[in-house]
Amino acid sequence: MVVLAVDSLIRPAALRLRDAAGRLRHERHPKAPHVGEGAAALVVAPGGTCRILASSLADEPTAGTDQPNQASGLTNALRTAQLAALLDHRPLCIGDLDGDRYRATEWAMAQMRTVGALTHGEAYDWTSADLIGDTGAASGAIHLAWAADALARGYAPEPRALVWGASDLQPRACVILGA
């Protein structure tokens, strides 16, 4: 199976929408996300260099509403995948942090309830937005490719990688890969 993902947040219409919402980094919003664009193609097949140990989807009921985000959807996705993968050691975490405060708060709450509660291992959090900007819908595939490459080439600091993502709408996802 081949998975393709592509997105561009640097189109003029997308930039105007993000600016109106206060989600475009400039002098008025210095902590807003950097925008970017990206694409990834993944081949998912048996016998590869890493394995999918678990995956999970959940919805965040408060996303897109005026209610405070309690991170219940991301917590459920992380917990379900963590239990299915029998994760007992902190993995490398690669996720959807892009500079947005809402997303950072959600990750902080969800990870403390799940992988943060694991007693063994260092905390390693990687995010591609620090390197290439927010790639929108392409970020999940980019993070999976990065995790698989890190595991296959041996530069991952842990033998397992947890990849998570959060839509601007309700969907939340988690995939755990093993070398």
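Let's start with the sheet. This is a predicted model, and in it 5 strands form an open sheet. The order is S3-S7-S6-S4-S5, with mixed pairing. Which strands stand at the edges? S3 and S5, residues 124-126. Each has a single partner strand, so one side of each is left without a neighbour in the sheet. From one strand to the next, the twist averages 20 degrees.

Now one pair within that order. S4 and S5 run in the parallel sense, joined over 3 bridges. To find the spot, look for Leu92, which stands opposite Tyr124 in S5.

Next, the helices on the sheet. Take H2, residues 72-84. H2 packs on the sheet and touches S3, S6 and S7. On your screen, S6 is 160-166 and S7 is 171-178. The direction of H2 makes about 155 degrees with that of S3. Then there is H3, residues 101-113, which also packs on the sheet. What does H3 touch? S4, S5, S6 and S7. The direction of H3 makes about 135 degrees with that of S6.

Let's move to the loops around H2. Two residues there deserve a look at their backbone angles. Most residues other than glycine have a negative phi. Ala71 has a positive one, near 60 degrees. Where is Ala71? In the loop between S3, residues 51-59, and H2. Is Ala71 buried or exposed? Ala71 counts as buried, because its relative accessibility is 0%, and the cut-off for buried is under 20%.

The second residue is Leu86. Its phi is positive too, near 55 degrees. Leu86 sits in the loop between H2 and S4, residues 92-94. Buried or exposed, this time for Leu86? Leu86 counts as exposed, because its relative accessibility is 68%, and exposed means over 50%.

So here are the two side by side. Ala71 comes in the loop between S3 and H2 and is buried. Leu86 comes in the loop between H2 and S4 and is exposed.

Last stop, the surface. Which residues make the nonpolar surface patch of about 360 Å²? Met1, Val3, Val44 and Ile52. Pick out Val3 from that group. Val3 is found in strand S1, residues 2-8. With a relative accessible area of 31%, Val3 is partly exposed. That label fits because 31% falls between the cut-offs of 20% for buried and 50% for exposed.

Technical notes
Residues numbered from 1 in each chain as written. Predicted model: local features only at pLDDT ≥ 70, side-chain atom pairs only at ≥ 80, totals over all residues. Heavy atoms only, no water. Helix = DSSP H or I, 4+ residues; strand = E, 2+ residues; numbered from the N terminus. Buried < 20%, exposed > 50% of the residue type's maximum accessible area, 1.4 Å probe, protein only. Patch = residues over 30% accessible without salt bridge, like charges linked within 9 Å, V, L, I, M, F, W, Y side chains within 5 Å. Areas by Shrake-Rupley, 256 points an atom, 1.4 Å probe, with all protein chains shown as cover. Salt bridge = Lys/Arg side-chain N within 4 Å of Asp/Glu carboxyl O. Pairing = 2+ DSSP bridges. Axes fitted to C-alpha atoms, helices over the stretch in contact; angles between N-to-C directions. Contact = heavy atoms within 4.5 Å.
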